[in-house]
Amino acid sequence: MNEIFGMTDLDTISSLADIINDKELSEITITEGGRTITIKGRKCVPAPPPHMGMPPMPPMNMGAPEPAQAPAPAKEENSGNIVKAPIVGTYYRSPSPDKPPFVKIGDKVKKGDVIMIIESMKLMNEVQSEFDGTVERILVADGQAVEYDQPIMIIK
C-alpha cells in the first residue's frame with residue numbers, strides 16, 4: 001500500500017473515502033503489517049424492514065402524522081402513477097417539523113412540484129413530482145426509512 005500508515009499518501013486515503021461515498025458504505029478497515037486504519041463514511045445502517053403483520057414504528061416527533069390508511073389490495077395500489085424513492089434514505093413530508101407538508105392527500109400537483117424530501121447521508125434531497133394529478137395515497141410515514149425504488153405515494 002502507498003504508505004497509508006505513514007500518512008504520506010493522502011491521495012490514497014482520499015480515494016478510499018471516495019469509494020466509501022460512491023458505494024454508500026458505512027466504513028472500510030485495512031490492516032497491513034500489524035497496523036490498522038478505519039475510514040468511516042456518513043452512511044447510517046438502515047433500519048430493518050418491518051415484519052409482515054407488524055405495524056411500522058411511529059414517526060419520531062416530526063409534526064402531525066398523516067391519517068392512517070388501511071392497506072389496499074394490490075390492484076388498487078397499481079391504479080395511478082406511483083412515485084418511488086429515487087434513493088435510500090429517510091422520507092420527510094415537510095421541509096422542517098414546524099412547516100406544513102409539501103403535499104397532503106387530495107392536493108393537486110404539477111410535474112416539477114416538490115412533493116417530499118429524502119434525507120440521505122445528511123443531505124436533504126428535494127424530490128419533484130414526475131406527474132400532474134391529485135395525491136391519492138401516501139404509503140409511508142413521515143420520518144420512515146425508505147429503500148431505493150420503494151413506492152412512496154400515488155398520484156392520479
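**View 1. Lys84 and its bridge partner in strand 10.** In strand 10, Pro151 is the bridge partner of Lys84, as seen in this predicted model. Strand 10 covers residues 151–155 and runs antiparallel to strand 3, to which it is joined by four bridges.

**View 2. The open sheet that contains strands 3 and 10.** Strands 3, 10, 8 and 5 form an open sheet of four strands in the order 3-10-8-5, with antiparallel pairing. The edges of this sheet are strand 3 (81–84) and strand 5 (108–109), each of which pairs on one side only.

**View 3. Ser129 in the loop between strands 7 and 8.** The loop that holds Ser129 lies between strand 7 (123–128) and strand 8 (133–138). Ser129 has a relative accessible area of 3% and therefore counts as buried, since buried means under 20%. The side chain of Ser129 reaches the backbone oxygen of Phe131 at a distance of 2.6 Å. When residues up to four places away in sequence are not counted, Ser129 touches Val109, Lys110, Lys111, Gly112, Asp113, Ile115 and Ile155.

**View 4. Met121 in the loop between strands 6 and 7.** Met121 is found in the loop that follows strand 6 (114–120) and lies between that strand and strand 7. With a relative accessible area of 23%, Met121 is partly exposed, because this value falls between the limits of 20% for buried and 50% for exposed residues. Although Met121 and Glu24 are 97 residues apart in sequence, their C-alpha atoms are 8.6 Å apart in space.

Notes
Residues numbered from 1 in each chain as written. Predicted model: local features only at pLDDT ≥ 70, side-chain atom pairs only at ≥ 80, totals over all residues. Heavy atoms only, no water. Helix = DSSP H or I, 4+ residues; strand = E, 2+ residues; numbered from the N terminus. Buried < 20%, exposed > 50% of the residue type's maximum accessible area, 1.4 Å probe, protein only. Polar contact = N/O pair within 3.5 Å; in protein donor to acceptor, adjacent residues only side chain to side chain. Contact = heavy atoms within 4.5 Å. Pairing = 2+ DSSP bridges.
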